[in-house]
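Student: I would like to go through this model one feature at a time. Please show it first.

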Amino acid sequence: MSGERGAPALGRVHVVLVGTTHPGNIGAAARAMKTMGLERLWLVSPSRFPDPEATARASGADDVLRGARVVTDLDAALAESRLVVGTSARARSLRWPEWDPREAAARLVEAAGSGAVALVFGRERTGLTNAELERCHALVRIPSAPAFASLNLAAAVQLMAWELRVAAGGVLWGARYEDPDPPASAAELEHLYAHLERVLVALEFLDPDNPKQLMRRLRRLCVRARPSSREVEILRGILAAAERGPRRGR
Ligand code: SAH
């Protein structure tokens, strides 16, 4: 599948639905995507899929459903993405960078100029967990009435897809800048965090029985800094050198 002419960035936006309970919402989300020129759909552990209700609600967007990739692990859906934005109906206890829908769409379209990006949606009842939100560079909350803030999942997809389409229309494709040192992918960042945690435990800087707070702060530092693949390689080289210790006899 490839993006429509004139808006190649939209073809690089991956929509990720986590733990969807109602297959009708999956179909409606596929339809919402297709109307706005999005086509890459990931389903992380859906309760029921494929399902006739999903196909029915997709109307003519069954090609998006057929192309959907079903995985059990969010990390697998995000692995190639260089910018990951999560959506949430409410402000979380987790203090994390927040963008409004318009800013998020502009940043996603810009980043999609040089690679895959992802927009993540949560479960109908409970949204995304803190561990899932931590995988995102930033969170988006669609401003809504405080007393009734939660949109239907597919309605939230529709609104974000529209913002992406508007943002894509505003970009000058001919002048698109290909970044020679693109931001690290989600998989590269996860490997960095795991490596960092190993080294910090070995150095007894981090208590392996209570690693949560420090690792969350270090993740937050990294998502703010948006390191490139090359910068992540340098950091991992430093960690490897720390693990080895100074060479003797030199
Ligand atoms: N109580 C849940 C509501 C889930 S609604 C929560 O706090 O997130 C299902 C999904 O729709 C959410 O996970 C999110 O992806 C999306 N969504 C619903 N309302 C939204 C809003 N106002 N802003 C951003 N995303 C929203």
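Student: In which loop is the place of Glu204?
Tutor: The model is a predicted one. Phi of Glu204 is near 60 degrees, a positive value in a residue that is not glycine. As for its place, Glu204 sits in the loop between H8 and helix H9 (212–225).

Student: Is Glu204 buried or exposed?
Tutor: The cut-off for exposed is over 50% relative accessible area. Glu204 has a relative accessible area of 71%, so Glu204 is exposed.

Student: What is phi of Ser59, and how does Ser59 count by relative accessibility?
Tutor: Ser59 belongs to the loop between H2 and helix H3 (62–66). Phi of Ser59 is near 50 degrees, a positive value in a residue other than glycine. Most residues other than glycine have a negative phi. With a relative accessibility of 38%, Ser59 counts as partly exposed.

Student: Is the peptide bond from Phe49 to Pro50 cis or trans?
Tutor: Pro50 is found in the loop between strand S2 (40–44) and helix H2 (52–58). Most peptide bonds are trans. For the bond from Phe49 to Pro50, omega is near -5 degrees, and the bond is cis.

Student: Why do H8 and H10 count as roughly parallel?
Tutor: The axes of helix H8 (residues 186–202) and helix H10 (residues 229–244) come within 10 Å. Angles under 35 degrees count as roughly parallel. The axes of H8 and H10 cross at roughly 20 degrees, and therefore the two helices are roughly parallel to each other.

Student: How do the residues of the contact of H8 with H10 divide into nonpolar, polar and charged?
Tutor: The crossing of H8 and H10 is left-handed. On the H8 side the contact includes Leu189, Leu192 and Leu196, and on the H10 side Val232, Leu235 and Leu239 are among the residues met. The residues of this contact divide into nine nonpolar, three polar and four charged.

Student: Which helix gives the most to the largest nonpolar core?
Tutor: That core has 45 residues, and Leu38 is one of those that touch the most other members. Leu38 touches residues that include Val13, Met33, Ala161 and Leu164, leaving aside those up to four places away in sequence. The most is given by a helix with nine residues in the core, H7 (residues 153–169).

Student: What is the relative accessible area of Glu163?
Tutor: Glu163 is in helix H7. Residues up to four places away in sequence aside, Glu163 touches Pro101, Arg102 and Ala105. Glu163 is buried, with a relative accessible area of 7%.

Key: Residues are numbered from 1 along each chain as its sequence is written. This is a predicted model: local features need pLDDT of at least 70, side-chain atom pairs count only at pLDDT 80 or more; totals for chains, interfaces and linings use all residues. Side-chain values use heavy atoms; hydrogens and water are left out. A nonpolar core is a set of buried Ala, Val, Leu, Ile, Met, Phe, Trp, Tyr and Cys residues joined through side-chain atoms within 4.5 Å. Buried means under 20% relative accessible area, exposed over 50%, partly exposed in between (1.4 Å probe, protein chains only). Helices (H or I, at least four residues) and strands (E, at least two) are DSSP runs, numbered from the N terminus. Contact means heavy atoms within 4.5 Å. Axes are lines fitted to C-alpha atoms, for helices over the stretch in contact, and angles run from 0 to 180 degrees between N-to-C directions. Angles under 35 degrees count as roughly parallel, over 145 as roughly antiparallel, 65 to 115 as roughly perpendicular and the rest as oblique. A crossing is left-handed if the near helix is turned anticlockwise from the far one by less than a right angle, and right-handed if clockwise. Ala, Val, Leu, Ile, Met, Phe, Trp, Tyr, Cys and Pro count as nonpolar, Asp, Glu, Lys and Arg as charged, and the others, Gly among them, as polar.
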